[in-house]
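Grab your viewer and work through a few short exercises. Try each task yourself before reading the solution.

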Amino acid sequence: MQRRRIRIEAFVAAALLLAGVSAYAAGSYGSSSDPLITKSYLDEVVQPQLEAAVEEATGAGTFAVVTLDAGDRVTCAVGTELVLRFGSAAAYAYDSADTALVDTTTAAALQHGSVLNVNHLYMVTIAGNGFTAGSGGAKLLISGEYTVG
């Protein structure tokens with residue numbers, strides 16, 4: 001009987017000690033008077049670093065406005081994106097048997113010579129492919145590596 005009483009008292013003491021340590025830890029860390037990390041640190045340091053890392057990884061925000069004269073040919077690297085804003089252009093494939101561009105707006109593959117639609121987002125999936133500006137020239141937004149010539 002004595003052993004059982006000692007075990008119960010030891011268990012109760014351990015439970016109270018654990019509860020006290022937990023209450024102390026919860027009460028002294030992460031409160032509004034003593035935060036683990038300040039909101040200003042999150043807003044001014046962590047968030048800009050995360051946004052920069054995401055932009056670098058995705059290439060976000062890097063569209064350039066490109067104005068082309070009639071007949072100008074643009075060749076692109078894999079992953080280059082483009083949007084025809086004004087004028088006309090036709091898809092160009094380095095190897096005319098390959099798909100020239102992918103129209104991500106309609107999920108269609110454009111073959112060499114296909115006409116680009118205004119305000120559709122196109123992606124280059126084969127290095128050296130691109131487009132040729134139409135007879136009236138063209139104005140586009142391009143994100144990624146490209147050469148005009």
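What follows is a set of exercises on this chain, each with a worked solution.

A bit of housekeeping: this is a predicted model, where local features need pLDDT of at least 70 and side-chain atom pairs count only at pLDDT 80 or more, while totals for chains, interfaces and linings use all residues. Residues are numbered from 1 along each chain as its sequence is written, and side-chain values use heavy atoms, with hydrogens and water left out.

**Exercise 1. Sketch the chain's layout.**

Step 1: list the elements. You should get 2 helices and 8 strands, taking helices (H or I, at least four residues) and strands (E, at least two) as DSSP runs, numbered from the N terminus. Along the sequence they read α-α-β-β-β-β-β-β-β-β.

Step 2: check burial. Of the 149 residues, 21% are buried; that label means under 20% relative accessible area, with exposed over 50% and partly exposed in between (1.4 Å probe, protein chains only).

Step 3: look at sequence separation. Among contacts (heavy atoms within 4.5 Å) with a separation of 6 or more, 73% link residues 24 or more positions apart.

**Exercise 2. Find the largest nonpolar core and say which strand gives the most to it.**

Step 1: apply the rule. A nonpolar core is a set of buried Ala, Val, Leu, Ile, Met, Phe, Trp, Tyr and Cys residues joined through side-chain atoms within 4.5 Å. The largest one has 20 residues, and those touching the most other members are Leu 68, Leu 82, Leu 101, Leu 116, Phe 131, Leu 140 and Ile 142.

Step 2: assign elements. Two or more residues come from each of β1 (64-68), β2 (73-76), β3 (81-92), β4 (99-103) and β7 (130-143). The top contributor is β7, with 5 residues.

Step 3: zoom in on Leu 101. Skipping neighbours within four places in sequence, its contacts include Ala 91, Leu 116, Tyr 122 and Gly 130.

**Exercise 3. Is Ile 142 buried or exposed, and what does it touch?**

Step 1: Ile 142 sits in strand β7. It counts as buried because its relative accessibility is 1%.

Step 2: leaving out neighbours within four places, its partners include Phe 63, Val 74, Thr 80, Leu 82 and Phe 131. Its C-alpha is 8.8 Å from that of Leu 84, 58 residues away along the chain.

**Exercise 4. Work out the surroundings of Thr 80.**

Step 1: Thr 80 is in the loop between β2 and β3. At 1% relative accessibility, it is buried.

Step 2: look for a polar partner. A polar atom of the Thr 80 side chain lies 2.9 Å from the backbone oxygen of Ala 77.

Step 3: beyond four places in sequence, Thr 80 contacts residues including Tyr 122, Val 124, Ile 142 and Glu 145.

**Exercise 5. Compare the backbone at Ala 107 and Asn 119.**

Step 1: recall the background. Most residues other than glycine have a negative phi.

Step 2: Ala 107 has a positive phi of about 60 degrees, and Asn 119 has one near 65 degrees.

Step 3: place them. Ala 107 is in the loop between β4 and β5 (108-111) and, at 69% relative accessibility, is exposed. Asn 119 is in the loop between β5 and β6 (121-123) and, at 47%, is partly exposed.

Definitions and conventions. Polar contact = N/O pair within 3.5 Å; in protein donor to acceptor, adjacent residues only side chain to side chain.
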